[in-house]
Amino acid sequence: MHELRGVLVLSLCASLCAHNLSLYAGGKPLGILTLAYGAHLNASEAFAGLSVFDGERVSTDGDGKIGVRIGASVITLAEQSGATLQGTGDGAHVDLDAGSAYVWSAESNPVEVHVEGALLRPHRAHQAQVQVLMFGPKILQITTRQGSVDFSYGKEFRVLPEGQTYRIYLESEDDPRTTTDAGDDTQKAGLSTGTKVAYFILTGAGAGLAAWGIHDLIQSHNGVESPAKP
């Protein structure tokens, strides 16, 4: 009886190992989790040190935060956020579907963010820091803390200069000035009537690196060894 039970356990372990090997055969990790609490990697609980592979989803609970290092670049999600990560050469493509993300995009490992049909890329592939917040349905709030960012949505294209916080209304049917809650601390940055995209500049630069818990990660030039995914 004990021998039979042992055989069944060994068989189960072999099956699980074979499944993981076939799932990730021929592929190396896209990045590694450097920060994780109240967070998930796909459907499992996330913790620092886990490898992240192409096509995997990271997400956070109401009090969670998760950080991913991809080469020299860092992606951090705040609470109640979710994104799917895909490799693009030496960098990554982030599909943000909820909440907010802070991206430090290095020249050697460029990161682009796709959100609500819009795409943000570091201008001319230079180093950039950008915070992207899904403020509401078809409403984005983007802070360019370092470097300019290329913003595209349909046929609309604009370079968002460094050091500004933008409230961007996608497909706005009405003048956003009648609905925005930003009060007097806004400047009209432009309205594209072709695609009905409206831009406002908000005062203040938003949360800094310390608030996102990634300052030490960015300053450190020593990468974290990524263990094999179990």
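# Exercises on a predicted chain

Glu112 is buried, its relative accessible area being 15%. Buried here stands for under 20% relative accessible area, exposed for over 50%, and partly exposed for the range in between (1.4 Å probe, protein chains only). The model is predicted: local features need pLDDT of at least 70 and side-chain atom pairs count only at pLDDT 80 or more, whereas totals for chains, interfaces and linings use all residues. Residues are numbered from 1 along each chain as its sequence is written, and side-chain values use heavy atoms, with hydrogens and water left out.

## Exercise 1. The chain as a whole

Task: State how many helices and strands the chain has, and what percentage of its residues count as buried.

Solution.
1. Helices (H or I, at least four residues) and strands (E, at least two) are taken as DSSP runs and numbered from the N terminus. The chain comes to three helices and 17 strands.
2. Of its 230 residues, 44% count as buried.
3. A contact means heavy atoms within 4.5 Å. Among contacts with a separation of 6 or more, 49% are between residues 24 or more positions apart.
4. Accessible areas come from the Shrake-Rupley method with a 1.4 Å probe; for residues, only the protein chains shown count as cover. The accessible surface of the chain is about 11,900 Å², and carbon and sulfur atoms hold 53% of it.

## Exercise 2. Salt bridges

Task: Identify the salt bridges of the chain and describe the exposure of Arg57, Asp97 and Arg121.

Solution.
1. Side chains of opposite charge can pair when their charged atoms come close. The criterion is a side-chain nitrogen of Lys or Arg within 4 Å of a carboxyl oxygen of Asp or Glu. By this rule there are two salt bridges.
2. One joins Arg57 to Asp97, with 2.7 Å between the closest N and O atoms. Because Arg57 belongs to strand β4 (residues 57-70) and Asp97 to strand β7 (residues 91-98), this pair ties together parts that are 40 residues apart in sequence.
3. Arg57 is partly exposed at 32% relative accessibility, and Asp97 is partly exposed at 38%.
4. The other pairs Arg121 with Glu112, at 2.6 Å from N to O. Arg121 is partly exposed, with a relative accessible area of 42%, while Glu112 is buried at 15%.

## Exercise 3. Positive phi angles

Task: For Glu116 and Arg124, give the approximate phi angle and locate the residue.

Solution.
1. Glu116 has a phi near 50°, a positive value in a residue other than glycine. Its place is the loop between β9 (111-115) and β10 (118-122), and it is partly exposed at 25% relative accessible area.
2. Arg124, also not a glycine, has a positive phi near 55°. The loop that holds Arg124 runs between β10 and β11 (128-136), and Arg124 counts as exposed at 65% relative accessibility.

## Exercise 4. The cavity

Task: Find how many cavities of 30 Å³ or more there are, and which element gives the most to the lining of the largest cavity.

Solution.
1. On a 1 Å grid over the protein atoms alone, a cavity is a set of points where a 1.4 Å probe fits but cannot get out; lining residues have an atom within 4 Å of a point. Grid points are joined across faces, edges and corners, and a volume is the space filled by probe spheres set on the points.
2. By this rule there is one cavity of 30 Å³ or more. The largest cavity encloses about 50 Å³.
3. The lining consists of Val103, Ser105, Val111, Val113, Leu120, Arg121, Pro122, Ala128, Val130 and Val149. Two or more lining residues come from each of β8 (100-105), β9, β10 and β11.
4. The element that gives the most is β10, with three residues.

## Exercise 5. Three strand residues

Task: Assign Gln129, Ile70 and Ser100 to their strands and decide whether each is buried or exposed.

Solution.
1. Gln129 lies in β11 and is buried at 7% relative accessible area. Its side chain makes a polar contact with that of Gln146 at 2.7 Å. Such a contact is a pair of N or O atoms within 3.5 Å; within protein, one must be able to donate a hydrogen and the other to accept it, and residues adjacent in sequence count only if both atoms are side-chain atoms.
2. Ile70 is part of β4 and is buried at 3%. Leaving aside residues up to four places away in sequence, Ile70 touches Leu30, Gly31, Ile75, Gly91, Ala92 and Asn109. The C-alpha atoms of Ile70 and Gly91 are 7.1 Å apart, with these positions 21 residues apart along the chain.
3. Ser100 is found in β8 and is buried at 8%. Its C-alpha atom is separated by 10.0 Å from that of Val115, 15 residues away along the chain.

Note on methods. 1 Å grid on protein atoms, 1.4 Å probe; cavity = no way out; pocket = protein on both sides within 12 Å on 5 of 7 lines; lining within 4 Å.
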